[in-house]
Amino acid sequence: MTTPGPVPPPTHTPTHAAAPAPTPARATTHTARAHSFNAAAAQYAAGRPSYPPALFDAIGELAGRPLAGARVADIGAGTGIATARLHARGADVIAVEPGAGMAAEFRRTRADVPIVRGSGNALPLADHCADLLTYAQAWHWTDPARAVPEALRVLRPGGALALWWNTDALDVPWIAASAARVQRHFGLDIAAEKRDVDAGAADPTGRLRFTRREIRWSRRVPLETHLANIGSHSIFLTHGEEHSAAFLAEERRHLLATFPDGAVEETYDVVLLLATTPTASTASTASTASTAPTIPPPPHPPTA
């Protein structure tokens, strides 16, 4: 796979205070969590929720163009949950995924969509080749100071960057109680990591103006699917099998008391952040010419 051109630095200083630099231990933990999904790709594909039709309606509305016929790069595509929905809407999609395990699961189940290895910090795509870049549950694994300039390089003038997360609906009592149990067991409020996302956190460079939408939806799944879903989150995958299994066994008992028929009603608020680029290209946001593939990529699978 060829590599993209150099990433340009931000053209101005953000107006809000920058987040403190991560400590080495925190950075290591973040990296370990980001890579943890590769060993659980099949579980991730089987348990994780998809996204409601209203989300993709909102993306088209805010982007100012329909998804049908749009040239879309789905970054951090994982096993292809969002990619499949974009493809079903008629978009011309390419997936970009850094992890070998996730990419292998993607290729096993999404043979109709091309995938290349790469990350949002250094996209393996040519300059101004995409109408839309999407990050489903993935932007928080990037370094926005690098990922924002890369998005601006790859997007066409007037293109859009869409970031979204399924967040737990904490006003639902059983979901709030479950989140509290997770926090007590693991010492981390994983619900807040997604719930508290905003434009400043998404773009510390201050170069993008995001519009925010929230969309509520739900799905009813067997208890085992729900447990597989929560067990596929990085905090479970990095805390050791015994520690996670102890929580899931206790959680099963709590949930059976709430859902004695064994069918769990999961409720989510999808948080969508979408920003469009200027309609006229500017030299300050363009990098040097890239020899990376445009969309679609070469017909043979990458070996990286």
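## Around Trp164

Let's start with tryptophan 164. Leaving aside residues up to four places away in sequence, Trp164 touches Tyr51, Leu55, Phe56, Ile59, Ala82, Thr134, Tyr135, Ala136, Gln137, Val270, Val271 and Leu272. Keep in mind that this is a predicted model.

## The largest core

Trp164 also turns up in the largest nonpolar core, a set of 32 residues. Together with Tyr51, Leu55, Phe56, Ile59 and Leu272, Trp164 is listed among the residues with the most contacts inside that core. Who else chips in? At least two residues each come from α3 (53–63), α4 (81–88), β2 (92–97), α5 (100–109), β4, β5 (155–168), β6 (211–222) and β7 (263–276). Of these, α3 gives the largest share, with six residues.

There's another core too, lying apart from this one. That one has 30 residues, including Ala126, Ala130, Leu155 and Ala202. As a general point, nonpolar side chains tend to be buried together in soluble globular proteins.

## Two positive phi angles

Now for a couple of backbone oddities, one on either side of β4 (130–136). Histidine 128 isn't a glycine, yet its phi is positive, at about 50 degrees. You'll find His128 in the loop between β3 (115–117) and β4.

Glutamine 137 is the other case: not a glycine either, and with a positive phi near 60 degrees. Gln137 sits in the loop between β4 and α6 (144–154), and is one of the residues that Trp164 touches.

Buried or exposed: which is Gln137? With a relative accessible area of 11%, Gln137 is buried because that value falls under 20%. His128, at 27%, is partly exposed.

Key
Residues numbered from 1 in each chain as written. Predicted model: local features only at pLDDT ≥ 70, side-chain atom pairs only at ≥ 80, totals over all residues. Heavy atoms only, no water. Helix = DSSP H or I, 4+ residues; strand = E, 2+ residues; numbered from the N terminus. Buried < 20%, exposed > 50% of the residue type's maximum accessible area, 1.4 Å probe, protein only. Core = buried A, V, L, I, M, F, W, Y, C linked by side-chain atoms within 4.5 Å. Contact = heavy atoms within 4.5 Å.
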